[in-house]
Amino acid sequence: MAEKRVNSKRQSIGRGRMGNGESAKNFKRAMSDFLNYIGKYKVGLLLSFVFSVAAACLALIGPHKLGEMTDLIKEAFFNRMDLPAVIKVATTLAVIYVLSFIINYAQGFLMATITQKITKNMRGDISKKINALPLKYFDSHPIGDTLSRITNDVDMVGQTMNQSFTTLIYSLALFLGAAIMMIITDWIMALSGIVSALIGFAGVVVIIKHSQKYFRLQQKSLGSINSHVEESYGGIKIIKAYNAQTEFRTEFNKRNDELYKSAWKSQFLSGLMMPLMNFIGNFAYVVVCIVGAVLVMKGRISFGVIVAFMLYIRNFTFPLVNISQALASVQGMAAACERVFEFMNEEEMNKEDALDIDVSNIKGDVKFENVRFGYDEERLIIKNFNEEIKAGQKIAIVGPTGAGKTTLVNLLMRFYDTTGGNIYIDGINIKDMSRSQVHQIFGMVLQDTWMFEGTVRENLVYNKAGVTDQKLDEICEMVGLKDLIEQLPNGYDTVLGDNASLSEGQKQFFTIARAMIADHPLLILDEATSSVDTRTEAKLQKAMDIISKGRTSFVIAHRVSTIKNADCILVLKDGDVIESGNHEELLALNGFYAELYNSQFEVA
């Protein structure tokens, strides 16, 4: 199973290596999905962009005024300084810079607020999406990769929006404004400065074009390594027990190398932009100085124009640096958006809003009618299952591994829908019930135990309201948890977690007690006693007999000795019921069940 997951993750990484045409198509689709998603914030975003443009306009007034001040100061070398004019220009500059600060502050506050709201809503929508996805999605996708989409990819989107979007707008406005102001001031100097800068910017465009695929691969590789770390951490005891540290470390190093290579290439290519743009800016300064000096000597322009142009060329080339950096960040965000919206666009379960059946009086009659099912449509696991079960009966399901026992339970709970045939509860087709309604009538105890971060009381009560301590005491006494809880430092208020220092058997007690407290009319016990010793199993069996009274219960077991008192035992093999009856009847048949039962007592 682990190898299968590893191979699927490698295939996922391999899919990240795509051609430029598909890369561009995915980029456009991701950005289109993102723009549609943030559409409800368009007023706030537009206002933020207006603030950015206003700040850029104010920044463009400054060089012109500084040029005027330079000319006034120059005149002082030959004549008396016009101090009132200098003060007027200086006051105007001060007002401009104060207004620019206020506008930039307002823009930053507005953008930060909108960005956090978008990422908050995005995580909320992903959470809703998780609840709307069918179980088959989680069976076929690594957990760590899904977590990476919720954390790393959403964070990438938020950071890029907050840091790069307004920078991009501001820089574009400053870039265009500086070009216009230079042309208005002197077209010859403007032409020389703009041409020299744009020649270098062509190289930036080439870099951006080739770096996008590496940003995409970087995000996919990050998801892959997160998935491997999550898997390794979750199975650390097994890894150590089988001395598999070297294999997992080798696999980690391989994925880490893939992440390193894609991250290095993407960051190296994007990192080239800054030194390249610095060179372009310095080169443009030199060109402006030379051309300006010639024009001053010819008397075409004043010295103040050169000063203004020095600042204009800075306002022309510096935005190119910011634009190149912002575009690099947007590439990373586009790769993250692809992964986020790929998840958001996954096929959901059918809407069940119209399904509204009263399940409060369900008795527990169950009927399987020509049920067929396969996780892969071409390979059926349950082939033609028919059975009728009366309310209150205890039904045991036995058979070899892969016979379809747990699959049958998945169909009962509507974790999966049947490929063919129907399942009825009290004559109601479960497809006419919503999944939440089906889950309201089933209590379930799985072979895999599950504890969450919270108190003992919260772990026991879980989603059930109005449970008193007296009720908790009764059920814990029945299950065999009472002594354990009394030994805990704070009793029912002791905080437990997924890594709580409880044995698997003790955790199983908790899950069984949780099902008892839920008090549903139907009960599923999937290898519920697999993690306990024989003596504890006997005690637990009595508790399960008590809770099973008056309820239709389905018990899946490999150890046939645990289900001898079942009203009916269904023997599954290759998806079909090959034998059915109670324990004595099946032993009398001397068939497959008798062989399973007697094999428990064979001595090698």
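These legends go with three close-up views of a predicted model.

**View 1. A nonpolar patch sits on the surface.** Seven side chains make up this one: Val95, Val98, Leu99, Phe101, Ile102, Tyr105 and Phe109. Together they offer about 770 Å² of accessible area. Take Leu99 as a way in: this residue belongs to helix α4, which covers residues 83–132. With a relative accessible area of 41%, Leu99 counts as partly exposed, because that label covers values between 20% and 50%.

**View 2. Thr166 is tucked away as a buried residue of helix α6.** The helix spans residues 143–185. Thr166 has a relative accessible area of just 6%, so it counts as buried, the cut-off being under 20%. Look for the polar contact here: the side chains of Thr166 and Gln107 are joined at 2.9 Å. Leaving aside residues up to four places away in sequence, Thr166 also touches Ser48, Phe49, Ser52, Met111 and Met161, along with Gln107 itself.

**View 3. Strand β10 is largely enclosed by the rest of the structure.** Residues 552–556 form this strand, and five of the five are buried. Both of its faces are covered, with Thr552, Phe554 and Ile556 on one side and Ser553 and Val555 on the other. Now for the strands that pair with β10. Strand β3 (residues 394–398) runs parallel to β10 and is joined to it by four bridges; here Lys394 stands opposite Ser553. Strand β9 (residues 522–526) is parallel to β10 too, with five bridges between them, and Ile524 has Phe554 as its bridge partner.

Definitions and conventions
Residues numbered from 1 in each chain as written. Predicted model: local features only at pLDDT ≥ 70, side-chain atom pairs only at ≥ 80, totals over all residues. Heavy atoms only, no water. Patch = residues over 30% accessible without salt bridge, like charges linked within 9 Å, V, L, I, M, F, W, Y side chains within 5 Å. Areas by Shrake-Rupley, 256 points an atom, 1.4 Å probe, with all protein chains shown as cover. Salt bridge = Lys/Arg side-chain N within 4 Å of Asp/Glu carboxyl O. Helix = DSSP H or I, 4+ residues; strand = E, 2+ residues; numbered from the N terminus. Buried < 20%, exposed > 50% of the residue type's maximum accessible area, 1.4 Å probe, protein only. Polar contact = N/O pair within 3.5 Å; in protein donor to acceptor, adjacent residues only side chain to side chain. Contact = heavy atoms within 4.5 Å. Pairing = 2+ DSSP bridges.
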